[in-house]
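Q: Got a minute to walk through this model with me? I'd like to start with the charged pairs.

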Amino acid sequence: MTPAEETKDFAEQALELYNEDNGTKYKVNEILKVNGFCTQYYHFYITFTVTNGEKEYFQAEVLKDVDGSLECEIIRPREKGALGI
């Protein structure tokens with residue numbers, strides 16, 4: 001799996017949790033921005049577009065452990081009027 005595919009997979013897994021909690025059916029459309037750093041986990045901050053009738057922006061923080069397991073710390077729609085992507 002390429003880094004781009006892996007990042008989209010992280011976003012999809014985070015969005016699946018959001019959909020389950022909120023009764024929505026969003027689908028990841030495009031990864032726009034990824035930031036990250038490493039501590040005892042690999043931290044990924046992902047901004048991406050979703051579609052569910054109209055294009056919207058979401059943000060996720062995903063932690064990847066060295067054993068490959070994932071934990072989603074944050075998954076939310078991006079605040080309206082937020083500057084930059």
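Q: How many salt bridges does a search of the whole structure find?

A: One salt bridge turns up in the whole structure. The cut-off is a Lys or Arg side-chain nitrogen within 4 Å of a carboxyl oxygen of Asp or Glu. Before going on: this is a predicted model, where local features need pLDDT of at least 70, side-chain atom pairs count only at pLDDT 80 or more, and totals for chains, interfaces and linings use all residues. Residues are numbered from 1 along each chain as its sequence is written, and side-chain values use heavy atoms, with hydrogens and water left out.

Q: Which side chains meet in it?

A: Glu6 and Lys64, at 2.6 Å from N to O. The pair links distant parts of the chain. Glu6 belongs to helix 1 and Lys64 to strand 3, 58 residues apart. Helices (H or I, at least four residues) and strands (E, at least two) are DSSP runs, numbered from the N terminus.

Q: Is Glu6 buried or exposed?

A: In between. Glu6 counts as partly exposed because its relative accessibility is 24%. Buried means under 20% relative accessible area, exposed means over 50%, and partly exposed lies in between (1.4 Å probe, protein chains only).

Q: OK, switching to cysteines. How many disulfides?

A: Zero in the whole structure. The test is two cysteine sulfur atoms within 2.5 Å.

Q: Why is Cys38 not bonded to Cys72?

A: The sulfur of Cys38 is 18 Å from that of Cys72, its closest cysteine sulfur, so the two are too far apart for a bond. Cys38 counts as partly exposed, at 49% relative accessibility. Cys72 is also partly exposed, at 25%.

Q: Now the sheet. What is the strand order?

A: The order is 1-2-3-4, in an open sheet of four strands with antiparallel pairing. Two strands pair if DSSP finds at least two bridges between them. Strand 1 and strand 4 (70–77) are the edges, each pairing on one side only. The twist averages 20° from one strand to the next. Axes for such angles are lines fitted to C-alpha atoms, for helices over the stretch in contact, and angles run from 0 to 180 degrees between N-to-C directions.

Q: And where does helix 1 pack?

A: On the sheet, touching strand 1, strand 2, strand 3 and strand 4. Its direction makes about 110° with that of strand 1. Contact means heavy atoms within 4.5 Å.

Q: How many bridges join strand 1 to strand 2?

A: There are 10, and the strands run antiparallel. One pairing sets Asn35 against Tyr45 in strand 2. Strand 2 and strand 3 are also antiparallel, joined by 10 bridges. There, Thr47 stands opposite Gln59 in strand 3. Strand 3 and strand 4 pair over seven bridges, again antiparallel, and Ala60 faces Ile75 in strand 4.

Q: What about the turns? Which residue takes a positive phi in the hairpin of strand 2 and strand 3?

A: Gly53, with phi near 100°. That hairpin has three residues between the strands. The hairpin of strand 3 and strand 4 has five residues between them, and Gly68 in its turn has a positive phi of about 95°.

Q: Next, the core. Which residues touch the most other members of the largest nonpolar core?

A: Leu15, Ile46, Phe48, Phe58 and Ile75, out of 15 residues. Such a core is a set of buried Ala, Val, Leu, Ile, Met, Phe, Trp, Tyr and Cys residues joined through side-chain atoms within 4.5 Å. Helix 1 (3–22), strand 2 (42–51) and strand 3 (55–64) each give two or more residues. The largest share, five residues, comes from helix 1.

Q: What does Ile46 touch?

A: Leaving out residues up to four places away in sequence, its contacts include Phe10, Ala11, Ile31, Val34, Phe58 and Val62.

Q: Ile31 is on that list. Where is Ile31?

A: In strand 1 (residues 27–38). Ile31 counts as partly exposed, at 25% relative accessibility. Ile31 and Ala11 are 20 residues apart in sequence and 8.2 Å apart in space, C-alpha to C-alpha.

Q: Last one. Is Thr49 buried or exposed?

A: Buried, with a relative accessible area of 0%. Thr49 is in strand 2. Not counting residues up to four places away in sequence, Thr49 touches residues including Val28, Leu32, Lys55 and Tyr57.
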